[in-house]
Amino acid sequence: MRMSRTGQVAAVDLGATSGRVMLATVGPDHLDLRQVARFDNEPVEIWNGERAALHWDIAGLYAQVCVGLAEAARRAPELIGLGVDSWAVDYGLLRAGRLLGLPHHYRDTRSAAGVEAVHAAIAPSELYERNGLQFLPFTTIYQLAADRLAGYLGLADSALLIPDLIGYWLTGAMATERTNASTTGLLGIDGEWEPTLRARLGPGTRLFPELVEPGSPLGSVLPSVRTRLGLDRAIQVTAVASHDTASAVVAVPMAAESAAYISCGTWGLVGVELDAPVITAASRTANFTNEAGADGRIRFLHNVMGLWLLSESVRQWERDGARIDLTRLLDQAAASPAPAAVFDVDDPRFLPPGDIPARIAGWYAERDLPAPVSRVDMVRAIVESLAAAFAHGVHTAAELSGTSVRTLHMVGGGAQNRLLCQLTADRAGLPVVAGPVEATSIGNILIQARTHGLLTGDLDALRAVVAAAFALRHHAPRQATATRKAG
């Protein structure tokens, strides 16, 4: 790979529980990454006249983004660009360029009515044939239907997914980046807006602006934002692979033809990278999705509940008054025996915030199985159950796609969890390569760097930069454990 010059870019990475701003220097033979800001991303409950609804504090997030970008600009006076990625499916409704209200959080229960409305208009089997997406009750298509039933869509003339909304506030330009758009349920398997879905589902499906590809320049930072950030000149905002998983997959240092990946944070996204979607009865039954990746690739994957189970359990114990040292709990869990049975981490009861340990205990009690009693046993059960779900997902992805998986890559926060990585290797019977941890930010940066001419080449070339720049940890499988999904 030929790199003609060195430059600095910033990545805004908004996760479902925290956000960060990263600063990178990219140049010949190196990629240096530094965190310049990190902040919590907590949902807010607001009474809506009937119930407490969950929303995102998007204005607060934007303020934190600006603080982080100002720090990046202070540290890097020659900063040339930035890009924004975030979680998928959620959006803001706008009229005449003005946000109409706080975006709903995907864990809010309102979308149940939207599921019924969509499936009344188009059967789930036909829906899968048209958009290739797994069923998740909070997918954008269902949220839009819920908003239509509530009368909100008639007030809006546009809608922006979360990273596109932040990009609009930074530049004044409206666009819909393709990888995030592919999670809405409104794109066809050809990657374009699906005309039949638009015709049958009506209002709301045409609110999103035109699609743009990862790597497309969105525009320069607005003069008012430049002043806020302390910039003395215009810098470019690039539409990266703005779905955080799509950016993470860009940075997986893998040979796609023989590897599977797990992007593990709040969610665990388990899959393979393909050149074409898999739309079969078997893939629909297995609830696998086909989402757009960078450079026209397909992310064929399944959502697993992820580290949400662990982090929300810790929050519950802290609400109960305990002081929790998660590192110590994980070390103790590694020395504890495996649970008598793993539980189904994808059970819908685990989706809303709340007392996850009590819900896990309830899952075991309903099946007359011994439930974890101590916190250490609960942590071991969570990690063991996640590993079982990950292993099951890897083997299912390989079988459905025809991929001969020889290596499993774990990126994101889960790559730091040695117990999770080892148990996943054991249960999958495959070597696990852990890292990089900040894969999403790195993927964001790689796409920007290529747009600015700091890097050249295809995804394989970009991944070679990652492999050279970051230390990876290897976990060889011990005696493989059965990967049957918990039932």
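User: What is the volume of the largest cavity?
Analyst: The structure is a predicted model. A search of the whole structure finds three cavities of 30 Å³ or more. For the largest cavity, the computed volume is about 100 Å³.

User: Which element supplies the largest share of the lining of the largest cavity?
Analyst: The largest cavity is lined by 15 residues, and those closest to its centre are Pro-163, Asp-164, Gly-167, Leu-218 and Ala-239. Two elements, α5 (162–171) and β13 (236–239), give two or more residues to this lining. The largest share, four residues, comes from α5.

User: How many residues in the lining of the largest cavity are nonpolar?
Analyst: The lining of the largest cavity includes three polar and two charged residues. The nonpolar residues of this lining number 10.

User: Which residues lie closest to the centre of the second largest pocket?
Analyst: The second largest pocket holds about 600 Å³ of space. Its lining consists of 26 residues. The closest to the centre are His-104, Arg-110, Asp-147, Ala-150 and Tyr-152.

User: Which element gives the largest share of the lining of the second largest pocket?
Analyst: By class, this lining divides into 14 nonpolar, seven polar and five charged residues. At least two lining residues come from each of β4 (44–47), β5 (52–55), β7 (91–95) and α4 (140–150). The largest share, five residues, is supplied by α4.

User: In the hairpin of β4 and β5, which residue in the turn has a positive phi?
Analyst: Strands β4 and β5 pair in the antiparallel sense over four bridges. Within this pairing, Val-44 has His-55 of β5 as its bridge partner. Four residues lie between the two strands of the hairpin, and the turn residue with a positive phi, of about 100°, is Gly-49.

User: Which strands are the edges of the six-stranded open sheet?
Analyst: The six strands follow the order β3-β2-β1-β6-β13-β12, with mixed pairing. An edge strand pairs on one side only, and this applies to β3 (30–40) and β12 (216–220).

User: What is the bridge partner of Ala-24 in β3?
Analyst: Strand β2 (residues 18–27) runs antiparallel to β3, and 10 bridges join the two. In β3, the bridge partner of Ala-24 is Leu-33.

User: What angle does the direction of α5 make with that of β6?
Analyst: Neighbouring strands of the six-stranded sheet are turned by 25° against each other on average, direction ignored. Helix α5 packs on this sheet, where it touches β1 (7–14), β6 (81–86), β12 and β13. The direction of α5 makes with that of β6 an angle of about 150°.

User: Is Ala-11 buried or exposed?
Analyst: Ala-11 is found in strand β1. Beyond residues up to four places away in sequence, Ala-11 touches Arg-20, Val-21, Met-22, Gly-83, Ser-441, Asn-444, Ile-445 and Gln-448. Because its relative accessible area is 0%, under the 20% cut-off, Ala-11 is classed as buried.

User: In which sense do β14 and β18 pair?
Analyst: Both strands belong to an open sheet of seven strands, whose order is β16-β17-β15-β14-β18-β19-β20. The edge strands of this sheet are β16 (289–292) and β20 (473–475). Five bridges link β14 (residues 259–264) with β18 (residues 407–411), and Tyr-261 has His-409 of β18 as its bridge partner. The sense of the β14 and β18 pairing is parallel.

User: Which helix packs on the seven-stranded sheet and touches β14, β18, β19 and β20?
Analyst: Neighbouring strands of the seven-stranded sheet are turned by 30° against each other on average, direction ignored. The helix in contact with β14, β18, β19 (432–434) and β20 has a direction that makes about 40° with that of β20. This helix, residues 418–428, is α15.

User: Which residue just after α3 takes a positive phi?
Analyst: Helix α3 (residues 124–131) has Glu-126, Leu-127, Tyr-128 and Asn-131 as its buried residues. These buried residues pack against α2 (111–121), α4, α7 (195–201), α10 (281–285) and β16. Just after α3, a positive phi of about 70° is taken by Gly-132.

Definitions and conventions:
Residues numbered from 1 in each chain as written. Predicted model: local features only at pLDDT ≥ 70, side-chain atom pairs only at ≥ 80, totals over all residues. Heavy atoms only, no water. 1 Å grid on protein atoms, 1.4 Å probe; cavity = no way out; pocket = protein on both sides within 12 Å on 5 of 7 lines; lining within 4 Å. Points joined across faces, edges and corners; volume = space filled by probe spheres on them. Nonpolar A, V, L, I, M, F, W, Y, C, P; charged D, E, K, R; others polar. Pairing = 2+ DSSP bridges. Axes fitted to C-alpha atoms, helices over the stretch in contact; angles between N-to-C directions. Contact = heavy atoms within 4.5 Å. Buried < 20%, exposed > 50% of the residue type's maximum accessible area, 1.4 Å probe, protein only.
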